[in-house]
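Here is a short tour of one protein model, written for someone who likes to have the structure open while reading.

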Amino acid sequence: MKVFIFHTPELIPTDSLPDCAIAIDVLRATSTISTALAAGAEAVQAFSSMDELMRVSEQWSPDRRLRAGERGGAKVEGCEMGNSPLACTPELVGGKRLFMSTTNGTRCLEKIQNAKTVLAAALINRAAIVKYLLSQQPETIWIAGSGWEGSYSLEDTVCAGAIVHALSDLAAKGQTLESLAGNDEAFAAVALYTQWQDRLVDLLCNATHGQRLLRLDCLDDLKYCAQLDTLDVLPIQRQLGVLVAHQE
Ligand code: MLT
């Protein structure tokens with residue numbers, strides 16, 4: 001395994017594809033996707049464009065769909081929900097398809113959608129991601145942070161670092177960080193994670209997008225998204241843009 005980390009969707013190479021690509025948007029798209037699937041959503045279908053989301057979701061009966069739209073951290077008018085993972089209760093999302101469009105996270109998923117395997121990772125499902133990678137041993141892994149409108153996000157990098165840290169700790173046969181890291185970003189992400197691993201809530205509260213969410217009164221979302229390894233769910237792309245919970 002060789003792991004390459006890209007901090008923003010814009011930095012993802014366009015001239016090649018990895019065996020496995022992982023999108024991260026800790027605040028909050030991939031935390032919400034993981035939570036919705038763990039709560040029994042049938043699938044999450046991701047869109048970069050709100051218009052396209054509306055067009056495709058119209059073809060589904062209202063009792064089988066939920067439209068989740070977020071821009072700038074706030075809910076998009078006309079959608080049943082925004083992008084809070086805490087809204088994803090089994091009562092609300094059970095058996096339904098979430099049609100989801102967010103400022104950066106769903107755009108990141110779209111950028112990697114042609115890889116052989118596409119996963120969505122957050123801090124809350126880090127262990128499930130690591131377990132899957134260790135069992136499948138993909139030769140090349142890209143981990144892409146969603147960032148914020150083209151710029152770097154601390155919370156996505158710390159999550160990428162948490163994944164690589166666990167891989168290098170757990171991988172059998174001497175897979176050290178040095179042998180796993182495909183680029184400099186992988187070393188830096190692990191260093192960020194090891195420095196902040198016991199203070200992830202603080203880190204998220206200090207991050208630019210964390211500050212934005214705090215201004216929108218979303219402290220509970222931050223606390224929820226900062227938890228490590230709390231959900232045993234692996235969101236995996238089943239068809240272009242459609243993520244389901246992987247069944248072993
Ligand atoms: C995004 O895609 O940028 C986010 O998930 C924003 C958010 O709702 O916190």
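What follows covers a central strand, the nonpolar cores and a pocket.

Please keep in mind that this is a predicted model. A good place to start is strand β8, which spans residues 140-145. Because 5 of its 6 residues are buried, β8 is largely enclosed by the rest of the structure. Two strands that pair with β8 are set out below.

| Strand | Sense of pairing with β8 | Bridges | One bridge pair |
|---|---|---|---|
| β1 (residues 2-6) | parallel | 5 bridges | Ile5 with Ile143 of β8 |
| β2 (residues 20-24) | parallel | 5 bridges | Ala21 with Trp142 of β8 |

Ile143 turns up again in the largest nonpolar core, where it is listed with Ile22, Ile24, Leu119, Leu133 and Ile163 as the residues with the most contacts inside that core. This core has 51 residues, and helix α6 (residues 154-170) supplies the largest share of them, 8 residues. Apart from this core lies another, of 29 residues, and Trp142 is among its members, as are Ala39, Cys88 and Leu109.

Which residues does Leu119 touch, leaving aside those up to four places away in sequence? Its contacts include Ala21 and Ile22, Leu109 and Ile112, Tyr132 and Leu133, and Leu234.

Tyr132 and Leu234 also help to line the largest pocket, which holds about 210 Å³ of space. Others in the lining include Lys131, Gln136, Asp232, His246 and Glu248. By type, the lining residues divide into 4 nonpolar, 4 polar and 3 charged.

Note on methods:
Residues numbered from 1 in each chain as written. Predicted model: local features only at pLDDT ≥ 70, side-chain atom pairs only at ≥ 80, totals over all residues. Heavy atoms only, no water. 1 Å grid on protein atoms, 1.4 Å probe; cavity = no way out; pocket = protein on both sides within 12 Å on 5 of 7 lines; lining within 4 Å. Points joined across faces, edges and corners; volume = space filled by probe spheres on them. Nonpolar A, V, L, I, M, F, W, Y, C, P; charged D, E, K, R; others polar. Core = buried A, V, L, I, M, F, W, Y, C linked by side-chain atoms within 4.5 Å. Buried < 20%, exposed > 50% of the residue type's maximum accessible area, 1.4 Å probe, protein only. Helix = DSSP H or I, 4+ residues; strand = E, 2+ residues; numbered from the N terminus. Contact = heavy atoms within 4.5 Å. Pairing = 2+ DSSP bridges.
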